[in-house]
Amino acid sequence: GRSYSWTTTEGSGDDRRTVSHYNPGGRSGPNGIEGRRVGHPLHTGIRGGVGNLTIHVDNTHQYSSRYDLRLSSVSIQSRQRLHDHCHIFQFTDLIQITDMICQNVGGMISPIQGSNVHFKEHAKFKHIVPNSDTMSWFSTRLAPTAIGPIQGDLSFRVKQPNIRELGFDMEPFRAKEKLYLGATQLGSYGFRRTYRKFHQDGITMDFRFPVENRTKLEGLPSICAGEGTRVKFSVTNPSLRDLGIKSQDGRRLVVQFYKNGLERYDIASRHIDLHMDGVECNSKLEDNQGGIWRGTLFEISCLKAGETKTFNGTLKLNPQVTPYSRLAIQAEILLEELKHDTNNLNGENLSARKVMPVQRRQLEVSSEPTYVPSTDTHVVLVSCATTTKEQFNAWSDLLSNRLGLNIEYYSVSIYGSLDPDFKPLNGDISLAQAFKGKLVVVLDDMFNPLDNSVSKMEPSRMLPNGSQSQTSGYDQSTFWLLSGSSDDAVKQALASHFTAPPNDIINFASLSAFKKAMKEQLEEERQAGRVSDVSICESAIRVKYQKGNRMSWTNDPQKRIERKADAIKSFLENMDPLRQYVIEPREELFKDEDGTSYQLIVVRRGYCRTANTTNVLQRAIPPKQDDGNALLAVVKSLPLDTMLLVFANAVSAEDELLLDVTMDIFVQHLIWEVSNALDGRLSIRNAEDLDGVFPTLQATIRSSELKQIAAGAGNDGSKALSELLARMDCVANSRDLNPGPMPFSQRRAVRKKLRKMVSNLEKEWAEGISEEDRRTEIKMLEKEVLAHLKETYGSFFTRVRSASRWRKGLLYICSYRNMAKYKDAGFCGPTVRLCEMETLEHTHKSRAIVPSKTITTEDNCRSMRQQADEQKDLASQLLNSIEDTRNRMGLGNNGEIEVQLPHNCS
């Protein structure tokens with residue numbers, strides 16, 4: 001049992017006491033055995049029949065359901081309604097809800113107790129402000145399905161939004177909101193019943209302003225300093241009533257113009273000349289600090305219903321405004337609140353009406369540079385409307401102050417084209433002529449055209465046939481650096497060789513005839529010792545169609561032509577590693593005159609590695625003057641003569657970083673030329689014109705700037721020339737150009753020719769070089785290359801001479817991969833030759849990438865050509881849009897414009 005306690009009394013008299021006793025009890029017994037579980041499956045029982053509900057009233061009436069009320073119809077009115085259309089009203093209006101009718105949708109007669117009709121409780125209205133002084137009720141008994149009127153009216157005011165909190169540029173503000181009404185039955189002893197189905201769907205209300213601008217604050221978003229744009233701003237009255245202080249309602253309507261004071265708009269007011277409707281607005285441009293009234297005000301005395309008032313003006317910039325400075329002109333429409341018949345609505349006195357902004361428009365204008373072509377400039381900086389001032393200044397400082405080059409500026413958002421035949425400024429010089437012998441740096445930011453119907457575009461995609469000299473239409477001496485290009489822009493540039501019209505189309509009767517012709521052409525090229533034919537050509541190879549046994553895949557015609565395409569690919573990879581090829585096997589059957597069926601394989605020869613004129617710097621950040629990667633990008637992209645000029649400028653300025661970068665590019669160029677000669681198997685012994693084989697060394701030998709430095713070299717000039725000569729010597733004596741006991745090998749011939757040219761260069765500079773500085777530089781380079789190769793290939797790498805590992809190590813040391821020299825991750829990224837970007841090999845290998853040989857389908861070819869045609873159409877549309885808009889909005893010589901006077905109300 002359980003424990004328990006008790007007490008007893010012992011003794012008597014004064015010795016009487018109470019004694020407590022306790023018994024701990026016994027243990028609990030064990031649990032009983034669990035019963036057996038039910039072994040039979042359980043099933044749901046049969047569903048019962050539908051029950052009946054009957055409501056009995058006074059034992060005399062019976063109903064199947066109770067009464068319920070629903071709003072049947074309603075009238076929503078305003079004396080100031082905006083349109084004839086239903087439920088469209090204006091902000092600040094007082095809206096009346098009248099002629100309400102309800103219906104009994106229940107199964108019994110409604111009771112004698114009345115019901116209040118009101119705005120739905122807990123409804124979250126944003127612009128609807130219910131009037132608490134109005135009320136409606138319903139007290140009529142209604143039989144089922146009967147209708148009855150609701151006594152009284154309801155009203156609400158439409159709250160106006162704070163337009164200035166919604167941004168600087170906006171379309172006409174409109175708001176849609178659901179209006180919900182509710183009904184509640186009231187009874188004795190605090191009884192309340194809400195009719196939940198009274199107004200379930202609600203009524204959609206549309207709130208607008210009675211005045212609006214539909215066409216923006218029109219003007220050119222980019223103009224050159226010293227020039228101007230027409231400015232146009234239209235105000236439309238789409239309502240049923242006149243507006244303005246002289247209208248019947250006397251409702252004040254004002255338009256004001258002022259300058260946006262945000263920090264990013266940095267053009268000072270003294271450099272801005274704004275006139276609207278013949279009124280000078282300059283003195284009040286900055287009157288925009290707080291309050292309703294800002295800038296220059298224009299009172300519209302009367303704007304009739306359905307009419308439009310247009311303000312015309314001019315905006316000009318002072319010639320002193322620097323490129324890519326920006327300003328923003330604000331236009332605001334202000335309207336007086338409505339005056340209602342009542343003097344008190346929710347305790348607010350409406351007789352003192354306020355004027356509030358109802359719409360804001362903004363014209364953002366950037367100052368862009370004027371294009372002034374000159375034969376004395378070295379670089380063309382191509383920009384657009386989205387180029388920032390920071391970008392522009394950073395590139396200008398890098399090119400001009402650090403490299404000492406002359407720059408000219410060309411804006412595609414001003415002139416609208418990069419077609420080589422385009423003649424800007426209505427001049428006689430085309431862009432192909434103007435850009436000849438220059439580096440074109442394209443800041444490849446996507447920009448908005450002036451016409452919304454034209455798609456956004458990057459400047460490089462406005463080149464109709466890409467930027468490579470083989471297809472672009474520009475001179476071979478024009479070089480390109482694309483900065484910040486997207487993947488799509490790079491893909492389009494790479495595909496331009498495939499979509500451009502071929503210079504030549506050749507038909508071959510068989511695959512063997514094609515191979516024979518290719519071998520003869522390439523052998524002739526190799527014997528000449530230089531790549532001479534860099535044209536885009538197309539070969540159509542006939543493949544005899546033989547209907548084979550369907551049971552054997554080897555006789556399948558489709559498989560056969562695919563095997564032929566694979567054979568062509570392998571042949572070209574072995575025979576011509578310097579060029580791109582696209583191989584297109586076509587399924588269509590043709591028949592010749594004797595009825596023989598055949599198919600075609602079209603081979604398109606594309607870009608040649610020796611004719612690359614485009615480099616890509618994909619990481620688009622404003623370069624800093626001490627950014628080694630940015631210097632690498634520019635110097636690597638320069639024409640050779642200009643690069644030699646930069647080297648001379650770096651010697652004069654004692655710029656050690658620029659000297660080091662320039663010498664690294666000399667090494668890169670020379671290794672690139674050696675790789676081209678070896679991969680193309682060019683016979684160096686027979687090469688008469690070494691400009692086509694080793695142009696970097698030839699240009700260095702001829703350079704008058706370097707000869708002058710050698711003739712009058714001080715310590716800095718001597719050290720620079722000695723280090724440059726040492727680096728070229730390292731390439732000429734590269735260990736992998738010495739193939740051991742192979743006296744007639746191609747590598748030995750290249751090495752011999754290079755060493756002879758370096759020796760000639762040494763003689764030219766004999767007075768200006770230091771043998772000690774030269775040997776020190778050679779030892780340092782060899783030590784760095786050796787350390788890199790050991791780290792990459794292991795300690796025994798020197799035993800392997802078949803691969804070009806020494807040149808790879810030297811290329812690593814003199815490239816952006818050398819993190820000890822070009823390590824800052826916050827700077828610009830690597831610069832890659834466009835012809836190397838078809839594959840991702842350039843991202844992890846230090847070598848000259850072999851152009852690809854690609855097999856593609858006829859559908860893919862058709863799609864690529866269609867995309868190219870579409871892009872050309874877009875570029876053409878963009879040019880037409882820019883020219884049309886500038887002709888329409890640009891100022892004439894006299895700058896005069898027409899002024900529209902407002903109408904007078906009767």
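**Helix packing and selected residues in a predicted model**

Ser852 is placed in the loop between β37 (831–833) and β38 (853–855). The structure described here is a predicted model, and the values given below were computed from it. At a relative accessibility of 18%, Ser852 counts as buried, because the limit for that class is under 20%. When neighbours within four places in sequence are left aside, the residues in contact with Ser852 are Arg579, Gln580, Tyr581 and Glu838.

A second loop residue, Glu458, lies between β29 (439–443) and β30 (479–483). With a relative accessible area of 3%, Glu458 is likewise buried. The side chain of Glu458 is joined to that of Ser486 by a polar contact of 2.5 Å. Apart from neighbours within four places in sequence, Glu458 is in contact with Ser486 and also with Asp444, Asp445, Met446 and Ala489.

Attention then turns to pairs of helices. Helix α4 (residues 487–499) packs with helix α16 (residues 858–889) at an angle of about 110 degrees, and the two axes are 10 Å apart. Since angles of 65 to 115 degrees are classed in this way, α4 and α16 are roughly perpendicular to each other. On the side of α4 the contact involves Gln492, Ala495, Phe498 and Thr499, which meet Cys861, Met864, Arg865, Ala868, Gln871 and Lys872 in α16. Sorted by class, the residues of this contact between α4 and α16 comprise 5 nonpolar, 3 polar and 2 charged.

Another pair is formed by helix α1 (residues 389–402) and helix α7 (residues 628–637), which pack at an angle of about 70 degrees with their axes 12 Å apart. That angle makes α1 roughly perpendicular to α7, and the crossing of the two helices is right-handed. From α1, the residues Trp395, Leu398, Leu399 and Arg402 meet Ala630, Leu631 and Val634 in α7. The residues of this contact divide into 6 nonpolar and 1 charged, with no polar residue among them.

The surroundings of α7 can be described further. Of the 10 residues of α7, 10 are buried, so this helix is largely enclosed by the rest of the structure. The buried residues are Gly628, Asn629, Ala630, Leu631, Leu632, Ala633, Val634, Val635, Lys636 and Ser637, a list that includes the charged residue Lys636. At the start of α7, a side-chain oxygen of Asp627 comes to within 3.0 Å of the backbone nitrogen of Asn629.

A third pair consists of helix α9 (residues 656–679) and helix α13 (residues 746–764), which pack at an angle of about 145 degrees with their axes 10 Å apart. The crossing in which α9 passes α13 is right-handed. The contact is made by Leu670, Val674, Ala677 and Leu678 of α9 together with Gln746, Arg747, Val750 and Leu754 of α13. By class, this contact of α9 with α13 has 6 nonpolar residues, 1 polar residue and 1 charged residue.

Asp679 also belongs to helix α9. Its relative accessible area of 27% makes Asp679 partly exposed. Although Asp679 and Gln746 are 67 residues apart along the chain, their C-alpha atoms are separated by 9.9 Å. When residues up to four places away in sequence are not counted, Asp679 touches Pro577, Leu578 and Arg609. With Arg609, the side chain of Asp679 forms a polar contact of 2.9 Å between the two side chains.

Backbone angles provide a last topic. Most residues other than glycine have a negative phi. Asp99, which is not a glycine, nevertheless has a positive phi of about 50 degrees. Asp99 is found in strand β7 (residues 94–104) and, with a relative accessible area of 57%, is exposed. Glu654, again not a glycine, has a positive phi of about 50 degrees. The place of Glu654 is in the loop between α8 (640–653) and α9, and a relative accessible area of 55% makes Glu654 exposed.

Note on methods: Residues numbered from 1 in each chain as written. Predicted model: local features only at pLDDT ≥ 70, side-chain atom pairs only at ≥ 80, totals over all residues. Heavy atoms only, no water. Axes fitted to C-alpha atoms, helices over the stretch in contact; angles between N-to-C directions. Helix = DSSP H or I, 4+ residues; strand = E, 2+ residues; numbered from the N terminus. Parallel < 35°, antiparallel > 145°, perpendicular 65-115°, else oblique. Left-handed = near helix turned anticlockwise from the far one by under 90°. Contact = heavy atoms within 4.5 Å. Buried < 20%, exposed > 50% of the residue type's maximum accessible area, 1.4 Å probe, protein only. Polar contact = N/O pair within 3.5 Å; in protein donor to acceptor, adjacent residues only side chain to side chain.
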